[in-house]
Amino acid sequence: METPTGIPRNLKGSLPSLHLIIAASSLTSSWFTPTPIRYISSVIERGDTGGGLINIRSVSRHFCFNLMRNMIFGRRLFGEGSEHGGPGEEETEHADAIFNILKYVYAFCITDYHPWLRGKTDFDGHEKHVRSALKIARKYQDPLIDERCQMWKNGDIKEKLDLLDVLITHENPKITIAEIKAQIIEIKIAAVDNPSNAVEWTMGEMMNDPTLLKRAVEELDHVVGSNRLVQERDLPQLNYIKACIKESFRLHPYEALNVPHVSTMNTIVGGYFIPKGSHVLLSRIGLGRNPDVWEDPLRFNPDRHLEGEDKQVVLTDDELKILSFSTGKRGCPAGVLGSSMTTMMLARMLQGYTWEVPCNDQPIKLVEKHDGLSLAKPLVLIAKPRLPQHVYPIN
Ligand code: HEM
């Protein structure tokens with residue numbers, strides 16, 4: 001089976017360095033620029049979208065993309081960005097292309113089951129759509145990668161400053177430019193959907209049940225106070241906020257199934273025989289909404305993750321009672337980074353602003369879209385600053 005970027009899954013497996021690289025890259029916190037805060041403040045200041053009307057889906061997706069660009073390329077944007085510090089045309093086109101590719105990761109495709117048809121047919125037009133989205137995504141990243149490779153070749157760079165430098169200079173195995181380009185697309189596809197979807201659903205749930213919002217804000221006031229923004233060092237103490245996010249991972253995963261896998265040998269799991277070559281699809285909602293494991297499974301109840309007062313909430317779950325980052329060899333290599341970016345994003349949004357539902361949208365309809373599990377309509381809320389002015393970054 002191939003990934004949409006064209007890397008056979010077995011080749012992905014032969015690049016174990018990816019796990020080490022992402023783990024190593026997660027060690028610095030310099031990527032956590034106060035992006036969502038800067039952008040939201042600027043929208044409120046301008047009042048040009050109805051006085052602080054914020055599209056949570058758009059803000060959270062762009063926060064993740066900005067962070068990834070910072071981590072991979074050492075820059076927040078591809079182009080100049082918009083006037084108020086948000087995404088410009090380039091970033092928006094790139095983000096749409098990545099989400100288009102993502103749509104087809106989960107789509108049923110006949111050539112996954114009959115690979116000999118690959119290149120001969122395109123029954124549902126999937127290949128055409130993915131190729132065109134890939135072209136757009138590569139238009140922005142490939143020139144940056146080529147340029148950086150050339151700089152290393154010329155000896156213009158001596159120090160590794162971001163993930164791209166790490167990939168270019170990696171030995172054993174040496175990674176080719178084509179593989180680097182594909183890996184970077186792969187990372188971007190993997191890094192944005194889950195954190196942004198979890199933040200959007202959590203904010204939606206909080207809007208319809210203000211007691212959740214109140215407890216989260218009280219935690220922030222207690223742990224961080226109001227004279228500085230949340231920092232990475234605060235995250236271990238934000239247990240209630242993490243419990244809210246974990247509850248969104250459980251009840252509202254971005255997709256119903258995990259990415260498809262193929263078993264490479266005969267095996268037995270939970271008493272079931274899985275023959276070699278089976279296509280294995282783990283159900284995220286089957287786990288997260290399982291009434292045998294979770295009491296009242298359809299209720300959004302973060303308290304179920306707060307076991308014992310001293311226990312830290314972690315968003316990973318190796319026992320697979322929920323499928324947040326999955327586990328094992330094919331599990332997400334960025335559990336730490338993914339947890340930090342999701343918690344940081346939600347914490348800064350809740351700490352920096354009070355949030356209200358626009359009058360004509362009350363109460364929010366927390367319904368899933370017909371062909372996926374994200375909210376049917378992007379969540380749009382009114383934000384008002386709640387901290388002293390000096391705490392907000394200057395635009
Ligand atoms: C809330 C944040 C995140 C969640 C919940 C999450 C979850 C997952 C899950 C469920 C998988 C599939 C595992 C499998 O195939 O069984 C996965 C794979 C992956 N994730 Fe994440 N992820 C997150 C953030 C990130 C970030 C920030 C990055 C990159 C910096 C990343 C990179 C990857 C990669 C490269 C894979 C593919 C691994 C492989 O197949 O070898 N993820 N992630």
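Author: Two strands pair if DSSP finds at least two bridges between them. The model discussed here is predicted.

Reader: In what order do the three strands of the open sheet stand?
Author: Three bridges join S1 to S7, and four bridges join S6 to S7. Both counts meet the cut-off of at least two bridges for a pair. The pairing is antiparallel, and the order is S1-S7-S6.

Reader: Which strands stand at the edges of this sheet, and why is one side of each left without a neighbour?
Author: Neighbouring strands of the sheet are turned by 45° against each other on average, direction ignored. An edge strand here has a single partner strand, so one side of it is left without a neighbour in the sheet. The strands in that position are S1 (53–55) and S6.

Reader: Which residue in S7 stands opposite Trp355, and which one opposite Asn55?
Author: S7 covers residues 380–385 and runs antiparallel to S6; S1 and S7 run antiparallel as well. Opposite Asn55 stands Val380. Opposite Trp355 stands Ala383.

Reader: Which side chains of S6 point to the buried face?
Author: In a regular strand the side chains alternate between the two faces of the sheet. Strand S6 (residues 353–356) shows this alternation. Thr354 and Glu356 point to one face and are not buried. The buried residues, pointing to the other face, are Tyr353 and Trp355.

Reader: Which helix gives the most residues to the shell around the ligand?
Author: There are 22 residues around the ligand, and Ala190, Asn194, Cys332, Ala334 and Gly338 come nearest. The elements that give two or more residues to this shell are helix H9 (177–208) and helix H13 (335–352). With six residues, the helix that gives the most is H9.

Reader: How many residues of the shell around the ligand are nonpolar, polar and charged?
Author: Among the residues that come nearest to the ligand are Ala190 and Asn194. Ala counts as nonpolar, while Asn falls among the polar residues. By class, the shell has three charged, seven polar and twelve nonpolar residues.

Reader: How is H10 oriented against H13?
Author: Two packed helices are described by the angle between their axes and the distance between the axes. The axes of helix H10 (residues 210–223) and H13 come within 10 Å and cross at roughly 90°. That makes the orientation of H10 to H13 roughly perpendicular.

Reader: Which residues in H13 does H10 meet, and how many of the contact residues are charged?
Author: From H10, the contact uses Ala216, Val217 and Leu220. They meet Ala347, Leu350 and Gln351 in H13. By class, five residues of this contact are nonpolar and one is polar, and the number of charged residues is none.

Methods. Residues are numbered from 1 along each chain as its sequence is written. This is a predicted model: local features need pLDDT of at least 70, side-chain atom pairs count only at pLDDT 80 or more; totals for chains, interfaces and linings use all residues. A residue is buried if 20 or more other C-beta atoms lie within 10 Å of its own, exposed if 12 or fewer, and partly exposed in between; C-beta atoms are placed from the backbone. Axes are lines fitted to C-alpha atoms, for helices over the stretch in contact, and angles run from 0 to 180 degrees between N-to-C directions. A residue is near a molecule or strand if its C-beta atom, placed from the backbone, lies within 6 Å of it. Angles under 35 degrees count as roughly parallel, over 145 as roughly antiparallel, 65 to 115 as roughly perpendicular and the rest as oblique. Two residues are in contact if their C-beta atoms, placed from the backbone, lie within 7 Å.
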